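Welcome! Please take a moment to look over the sequence and the structure below, and then read on for a short tour.

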Number of protein chains: 2
Amino acid sequence: MFRLAAKMDARSKLLDAALSVIRHKGYSASTVDELCSAAGVTKGAFFHHFKSKDELGVAAADHWSATTSAMFAEAAYHRHADPLDRVLAYIDFRKSLITGGLPDFTCLVGTMVQETYETAPDIRDACDRSISGHAATLVADIEAAMAERDMVATGLTAQSLALHTQAVLQGAFILAKAKGGADVAKSSVDHLRRYIELLFGRTPAA
Amino acid sequence: MFRLAAKMDARSKLLDAALSVIRHKGYSASTVDELCSAAGVTKGAFFHHFKSKDELGVAAADHWSATTSAMFAEAAYHRHADPLDRVLAYIDFRKSLITGGLPDFTCLVGTMVQETYETAPDIRDACDRSISGHAATLVADIEAAMAERDMVATGLTAQSLALHTQAVLQGAFILAKAKGGADVAKSSVDHLRRYIELLFGRTPAA
DNA sequence: CTCGCAACGTACCAACTAGTCGGTATCGAG
DNA sequence: CTCGATACCGACTAGTTGGTACGTTGCGAG
């Protein structure tokens, strides 16, 4: 039979709990027991669904990718006619997401990859898939915007600019965590927007 | 008597070891035992110098600040006559540091703050001091460059641009860790340079 | 209904964790 | 020399860690 999960099963509860707990405390400091109690599930259920803590880490990153990509796919910034407008609207959308508590708007995979890039290659790969996969959704629009302005000869690639947007966002989250507030992050996103406006020859707003 | 430390004492060895071990495995995953054996020191020495693991975390962040700030103070990028040239040379310098293995060029405090921003306020503050303090060393040059071009009215502040440079660097490190290579990071630093060139009305090189 | 299997729950363990505690070595002051 | 203080050692502990063993429940197939 197929698995429509009308009722939330232990696996889903664990994955959702993982997103929250790991974003609060980091991956290593998140214990299996804590993950279980946050999910309202016993340890037996945990190791029934995941062979190890690391396997949950991979699944959590994949779950994060699925959740966020669904959210961005539905977002309104795609509706602009001009490709550059879509890119700028994406940035604005990202900025609008920076609200509430730090664990609510920071990135799970950005946090996890810092702790696991050397010790858990599977998790690192899952984090890379998440970040690079999301960046890839921007490439087409950036490429179209570049083509309209024959910027191809500049040596600058759409792929590299797409990755740069993610770097700025990840860095903005780190600064926000260090300073304990969201303002720095928003300000950095403003700089990113201004960069793209300047790059594509549009006069910055403010 | 004053403490000239002709011979490396246990405290210094522990701090140096901490920089290395934590950059490899993150803060939480770095155990006290491992820190000790990496430093060639016993556990007794550890808890003689530090009341707790968290206290070492704070000391490690401070030690990182001291080490890096000494290095940047001596660097050649200060020697340019024009303030904007100094800022751009700083960026080039940062890019030139991105070589070798990932644990060698990534940032200790950027790694630590992600794991501890909620659970260990003392460590978070130490990380903030390190990042914000380093950013502050750029403010004067950015301000001078802005003044020369009467950019003050734009609402853009030197402080915010200085912090943005750090955000880009931190984000570049995360991307590098995710992709397992330094190239993404360098590319992001190139974007940062181009932004500043465009912002200050200088034609980008490549 | 029975069978079988996936989805859990409970009790448990070996290894590891941060931190302690009594002891020793060294060194400068008096 | 003695005295005291600082630096360091290493065995120990109480609690925690990821992971296991085994029992129970529920549910769809035949």
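How do the residues of the surface near DNA strand C divide into nonpolar, polar and charged? Five are nonpolar, seven are polar and three are charged. Please keep in mind throughout that this is a predicted model.

## Around DNA strand C

Let us stay with this strand for a while. There are 15 residues around DNA strand C, and T42(A), T31(B), V32(B), K43(B) and K53(B) come nearest. Helix α3 of chain A, residues 43-49, and helix α3 of chain B, also residues 43-49, each supply at least two residues of the surface near this strand. The largest share, four residues, comes from α3(A).

On the DNA side, sugar or phosphate accounts for 58% of the strand C atoms within 4 Å of the protein, and bases for the rest. Several phosphate contacts can be picked out in the view. The side chain of T42(A) has an N or O atom 2.6 Å from a phosphate oxygen of DNA strand C, and for the side chain of H48(A) the corresponding distance is 3.0 Å. V32(B) takes part through its backbone, where a polar atom is 2.9 Å from a phosphate oxygen of the strand.

## Around DNA strand D

Now turn to DNA strand D. Of the 14 residues around it, V32(A), K43(A), K53(A), G44(B) and H49(B) come nearest. The surface near this strand is made up of four nonpolar, seven polar and three charged residues. Helix α3 of chain A and helix α3 of chain B each give at least two residues to it, with the largest share, four residues, coming from α3(B).

Of the strand D atoms within 4 Å of the protein, 51% belong to sugar or phosphate, and the rest belong to bases. A base is reached by K43(A): one of its polar side-chain atoms lies 2.7 Å from a base oxygen of DNA strand D. Phosphate oxygens are approached too, by a polar side-chain atom of H49(B) at 2.5 Å and by an N or O atom in the side chain of H48(B) at 3.1 Å.

## Where the two chains meet

How many residues of chain B are in contact with chain A? The count is 48, and they meet 48 residues of chain A. About 4100 Å² of area is buried between the two chains, 62% of it given by carbon and sulfur atoms. Within chain B, the residues that lose the most area to chain A are Q114(B), Y117(B) and H191(B), which together make up 16% of what that side buries.

## A buried leucine in chain A

L56(A) sits in helix α4 of chain A, which covers residues 53-74. Is this residue buried or exposed? L56(A) counts as buried because its relative accessibility is 0%. Leaving aside residues up to four places away in sequence, L56(A) touches L14(A), L15(A), A18(A), L35(A), F46(A) and F50(A). A18(A) is 38 residues from L56(A) in sequence, yet their C-alpha atoms are 8.3 Å apart in space.

## Helix α5 of chain B

Helix α5 of chain B runs over residues 83-97, 15 in number, and spans 21 Å from first C-alpha to last, close to the 21 Å expected. At its start, a side-chain oxygen of D82(B) comes within 3.2 Å of the backbone nitrogen of L84(B).

The buried residues of this helix include L84(B), V87(B), L88(B) and I91(B). Among the elements that cover its buried residues are α4, α8, α9 and α10 of chain B.

Conventions: Residues numbered from 1 in each chain as written. Chains lettered and ligands numbered in written order. Predicted model: local features only at pLDDT ≥ 70, side-chain atom pairs only at ≥ 80, totals over all residues. Heavy atoms only, no water. Near = heavy atom within 4 Å. Polar contact = N/O pair within 3.5 Å; in protein donor to acceptor, adjacent residues only side chain to side chain. Nonpolar A, V, L, I, M, F, W, Y, C, P; charged D, E, K, R; others polar. Buried < 20%, exposed > 50% of the residue type's maximum accessible area, 1.4 Å probe, protein only. Contact = heavy atoms within 4.5 Å. Expected span 1.5 Å × (residues − 1). Buried area = accessible area lost by both parts, 1.4 Å probe.
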